[in-house]
Amino acid sequence: MPEGEFVIPGDMIGTSEEFIPGKGTYEDKGNIYAVTTGRVVYNKKDRSVSVEPVTNIPPTPKEGDIVIGRVTDIKGSVALVELSRIKGHLDREIAGNMQAAIHISNVKDSYVQDLSREFGYQDIVKAKVIDTKNMRLSTVDKNLGVLTSQCQRCRVTLVLEGNRLKCPKCEKKETRKLSSDYGKGII
C-alpha cells in the first residue's frame, strides 16, 4: 500500500514480516490492519507502519488537565463525577462514560468535615486531573469547584449572594466549594 493512502478501520496495510505495527494499527494473524480512519505512514528507520488520523478523535484526560463533569453520587469521603469535557477540547465530549472521584482531602486547602456541604447531587464542577490511573480529581485551586448548582429542596438553580448560595424560590441557603467562575458560564 502506498504511503499517504487513505484507509478506514479494518483495512489491511501490511504484514508483520515487513513492518512493526505502530500507532493506529493492530496485528492479527501476521497482518497489520488500521484501527482508525486516516493516512498510512511508513517509518523506514524502525520499519513500522502507522495510521495518522484525519478525523478528530475523542479526547482522553491526562494529568494536569482541567475537566468539567457532573456530580453523580456522594459516598462518605468521595464525590463521584461523570466527566464530559476537557478544557481546550470543548468541541468534543470525552469518550465513553468516564467516572472520576474527588476525595475529601482534595476538595480545598482547609479541613473539610462533611463532603455534602462542598458538593451537591447534579452539581456541575470544574476540577483538575491529579491521577489518571485511578481517575482522581482535585478542586483545591481558587478557580476550581462548583460552576452551577441546584437547590437540594426544589431543584432551582442557586444564585450566588456574597459567598453563599441562595435558592430564589424557597430562599434556602446552601454552601459549596465554589469556583471563582460560579454562574458565569466560563470554563
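Start by selecting Asp-131, which sits in strand S11. Strands here are DSSP runs of E, at least two residues long, numbered from the N terminus. The model is predicted: local features need pLDDT of at least 70, side-chain atom pairs count only at pLDDT 80 or more, and totals for chains, interfaces and linings use all residues. Residues are numbered from 1 along each chain as its sequence is written, and side-chain values use heavy atoms, with hydrogens and water left out.

**Stop 1: Asp-131**

Stay on Asp-131. Which side chain of opposite charge is nearest to this buried residue? Arg-136 is, at 5.0 Å, and Asp-131 has no salt bridge. Three terms need their cut-offs here. Buried means under 20% relative accessible area, exposed means over 50%, and partly exposed lies in between (1.4 Å probe, protein chains only). A salt bridge is a side-chain nitrogen of Lys or Arg within 4 Å of a carboxyl oxygen of Asp or Glu. For charge, Lys and Arg count as positive and Asp and Glu as negative, while His and the chain ends are not counted.

Now add Asn-134. Its side chain makes a polar contact of 3.0 Å with the side chain of Asp-131. A polar contact is a pair of N or O atoms within 3.5 Å; within protein, one must be able to donate a hydrogen and the other to accept it, and residues adjacent in sequence count only if both atoms are side-chain atoms. Then show Glu-63 and Arg-136. Asp-131 touches both, leaving aside residues up to four places away in sequence. Touching, or contact, means heavy atoms within 4.5 Å.

**Stop 2: Leu-137**

Select Leu-137 next. This residue lies in strand S12, residues 136-138. Why does Leu-137 count as buried? Because its relative accessibility is 0%.

Show what Leu-137 touches. Not counting residues up to four places away in sequence, the list includes Val-67, Val-81, Leu-83, Ile-102, Val-129 and Ile-130. Asn-106 and Lys-128 are also among them. Then draw a distance to Ala-79. The two C-alpha atoms are separated by 9.7 Å, though Leu-137 and Ala-79 are 58 residues apart along the chain.

**Stop 3: Glu-118**

Move to the loop between strand S10 (99-103) and strand S11 (124-131), where Glu-118 is found. Glu-118 counts as buried because its relative accessibility is 9%.

Add Lys-108. The side chains of Glu-118 and Lys-108 meet in a salt bridge (3.4 Å, N to O). Both residues belong to the loop between S10 and S11, ten residues apart. The pair also registers as a polar contact of 3.4 Å. Lys-108 has 27% relative accessibility, so this residue counts as partly exposed.

Widen the selection around Glu-118. Beyond four places in sequence, its contacts include Val-107, Val-112, Val-146, Thr-175, Arg-176 and Lys-177.

**Stop 4: more salt bridges**

How many salt bridges are there by this rule? The count comes to eight. Side chains of opposite charge can pair when their charged atoms come close.

Select Lys-172 and Glu-174. Their closest N and O atoms are 3.7 Å apart, and the two form a salt bridge. Lys-172 is partly exposed because its relative accessible area is 25%. Glu-174 has a relative accessible area of 6%, so this residue is buried. Add Asp-123 and Arg-176: with Lys-172 and Glu-174, they are linked in a network of salt bridges.

Now pick Lys-166 and Glu-161. Their side chains meet in a salt bridge at 4.0 Å, N to O. Glu-161 counts as partly exposed because its relative accessibility is 42%.

**Stop 5: the sheet S14-S15-S16**

Switch to a cartoon view. Three strands form an open sheet in the order S14-S15-S16, with antiparallel pairing. Two strands pair if DSSP finds at least two bridges between them. Strands of a sheet pair through backbone hydrogen bonds, either parallel or antiparallel.

The edges are strand S14 (159-161) and strand S16 (173-174), each pairing on one side only. Strand S15 (residues 164-166) meets S16 over two bridges. Select Leu-165 to find one partner: Glu-174 in S16.

**Stop 6: the sheet S2-S5-S4**

Finish with another open sheet, whose three antiparallel strands run in the order S2-S5-S4. Its edge strands are S2 (12-15) and S4 (25-28). Four bridges join S4 to strand S5 (residues 31-34). Select Asp-28, and Asn-31 in S5 stands opposite.
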